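Open the model in a viewer and keep the sequence panel visible. The tour below moves from one selection to the next and says what is found at each stop.

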Amino acid sequence: MTGASPRRAWQQPDPAFWQGRRVLLTGHTGFKGSWLSLWLCELGANVSGFALAPDTDPSLFDQLGLSSRLAHHVGDLRDPAALTQLVESCQPEVVLHLAAQPLVRRSYAEPVLTWETNVLGTIHLIEALRPLTHPCAAVLITTDKVYRNNEWLYGYRENDPLGGHDPYSSSKAAAELAISSWRASYCGTLPHQSPHLRLASARAGNVIGGGDWAADRIIPDTVRSLRAGESITLRNPAATRPWQHVLEPLGGYLALAEALAEPARGAAMAEAFNFGPQLEANRPVQELVEQALVHWPGTWIDASDPIAPHEAGLLNLVVDKAHHRLGWSPRWDFATTTARTLQWYRRVIEAGDDPLACCLDDLTAYLACCPPGRSTP
């Protein structure tokens with residue numbers, strides 16, 4: 001579908017589309033899931049969430065009071081019966097699948113759990129959706145780490161080979177293969193297929209933003225060290241990643257869901273899409289932390305371990321497809337992304353500001369900022 005005509009510039013979600021829309025959001029208790037839950041609730045969507053209970057204290061999900069704003073279901077992707085029961089109950093029109101085991105280092109310790117969650121869990125969800133008799137647009141989230149990483153300077157495109165050195169990356173690449181297989185096998189008009197189901201996958205770069213309290217992630221680890229007055233320890237300071245604010249890919253997922261649900265041309269959107277930052281935001285971990293220290297002064301030390309489990313050293317994405325096909329482009333540059341992120345934590349931790357107000361301030365600022373080269377709508 002490379003010859004498809006470009007869409008108009010995507011500025012923000014269409015309130016008329018989301019108001020009252022039945023949405024199933026998996027992983028709604030996590031960092032990205034909490035931000036997306038808030039955004040969907042603000043849009044007036046009827047959200048049912050399926051995820052494990054929050055595994056951090058504090059958790060953004062609890063800080064935002066989200067359990068009172070959506071149908072909160074605690075469950076495990078490895079339980080197909082629970083997924084089937086929920087789908088039958090909520091009858092989703094849109095599915096946003098974020099639930100996963102998302103940590104590279106944990107995947108080394110628990111590879112089987114990682115594969116069961118990320119691969120079989122995705123298949124369980126798709127299988128639960130197949131019997132639906134009404135249109136359903138499902139955006140299934142994987143990661144930028146699905147690509148066979150050659151450690152080159154060039155960004156990866158959606159048609160580049162999949163791979164994955166560590167169990168997390170390989171499990172997400174396998175999930176992409178499963179999504180593609182189930183789409184080709186079961187989405188269509190043949191007797192064994194569903195004409196109602198559309199499946200797209202989304203591959204996002206590294207996200208940062210306020211409210212991430214997870215272990216073994218650079219920004220939460222940085223904030224914990226700064227709060228304690230300790231030096232930040234960097235295990236891989238030279239590793240380059242495509243850093244983006246959490247709202248960037250979430251906006252991309254919403255844009256993709258809207259396009260996928262279009263009756264006339266939505267089937268052409270049932271493909272994989274990259275969502276990453278502006279090129280200048282592909283920076284080493286060291287630069288991310290040094291930029292963070294501009295807004296919260298402190299120090300860092302190099303804790304590189306030459307015998308630590310392998311992690312990618314160089315990784316970035318090409319997002320031309322999302323720009324041309326969806327009208328989506330990243331909005332915040334590297335400096336703005338790090339500033340908004342560190343300001344969120346300082347407001348909540350030091351000033352005692354309400355996390356919900358801080359998130360809504362960021363969301364308002366993000367929607368008011370047009371992508372580069374575009375005028376205010």
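Helices and strands here are DSSP runs, numbered from the N terminus, with at least four residues for a helix and at least two for a strand. What lies between such runs is called a loop in this tour.

**Confidence first**

The model is predicted. Colour it by pLDDT: the average is 93, and 94% of the residues score at least 70. Then select residues 1-5, where the pLDDT is below 50 and the stretch has six contacts beyond near neighbours in sequence. Where pLDDT is low, the predicted coordinates should not be read in detail.

**The sheet**

Select the seven strands that form an open sheet, in the order β3-β2-β1-β4-β5-β6-β11, with parallel pairing. Which strands stand at the edges? They are β3 (71-74) and β11 (272-275); each has a single partner strand, so one side of each is left without a neighbour in the sheet. On average, neighbouring strands of this sheet are turned by 20° against each other, direction ignored.

Begin at the β3 edge. Strand β2, residues 46-51, runs parallel to β3 and is joined to β3 by four bridges. Pick A51 and look across to V74 in β3, which stands opposite.

Next, select β4 (94-97). On one side, β1 and β4 pair in the parallel sense over four bridges, and L24 stands opposite V95 in β4. Four bridges also join β4 to β5, again in parallel, where V95 stands opposite A138 in β5. Show the side chains of β4: V94 and L96 lie on one side, V95 and H97 on the other, and all of these are buried.

Finish at the other edge. β6 and β11 pair in the parallel sense over four bridges, and the bridge partner of A204 in β11 is F275. From β11, A272 and N274 point one way while F273 and F275 point the other way; all are buried.

**Helices on the sheet**

Select helix α4, residues 80-90. Helix α4 lies across β1 (22-26), β2 and β3, and runs at about 175° to β2. Now add helix α9, residues 247-260, which packs on the sheet and touches β4, β5 (136-141), β6 (197-204) and β11. The direction of α9 makes about 150° with that of β5.

**The cores**

In soluble globular proteins, nonpolar side chains tend to be buried together. The largest nonpolar core in this model has 75 residues, and L40 and L96 have the most contacts inside this core. Which element gives the most to this core? Helix α9 does, with nine residues.

Centre the view on L96 and display its surroundings. Leaving aside neighbours within four places in sequence, L96 is in contact with V23, L24, L25, T26, L36, L40, V139, Y253, L254 and A257. A second, separate core has 26 residues, including V95, A128, C136 and L140. Strand β4 is a useful reference for this view, with L96 on one side and V95 on the other.

**Backbone stops**

Most residues other than glycine have a negative phi, and most peptide bonds are trans. The next three selections depart from this.

- Select D57 and P58: a cis peptide bond joins them, with omega about 10°. P58 is in the loop between β2 and α3 (60-63).
- Select Q91, in the loop between α4 and β4. Phi of Q91 is near 45°, a positive value in a residue other than glycine. Is Q91 buried, partly exposed or exposed? At 27% relative accessibility, Q91 counts as partly exposed.
- Select D216, in the loop between β7 (207-208) and α8 (218-228). Phi of D216 is near 65°, which is positive in a residue other than glycine. D216 is partly exposed, with a relative accessible area of 27%.

**Last stop: R325**

Select R325 in helix α11, residues 320-326. Buried or exposed: which describes R325? With 6% relative accessibility, R325 counts as buried, because buried means under 20% relative accessible area. Add E271 to the selection: a polar contact of 3.3 Å joins the side chains of R325 and E271.

Definitions and conventions
Residues numbered from 1 in each chain as written. Predicted model: local features only at pLDDT ≥ 70, side-chain atom pairs only at ≥ 80, totals over all residues. Heavy atoms only, no water. Pairing = 2+ DSSP bridges. Axes fitted to C-alpha atoms, helices over the stretch in contact; angles between N-to-C directions. Contact = heavy atoms within 4.5 Å. Buried < 20%, exposed > 50% of the residue type's maximum accessible area, 1.4 Å probe, protein only. Polar contact = N/O pair within 3.5 Å; in protein donor to acceptor, adjacent residues only side chain to side chain. Core = buried A, V, L, I, M, F, W, Y, C linked by side-chain atoms within 4.5 Å. pLDDT = per-residue confidence, 0-100.
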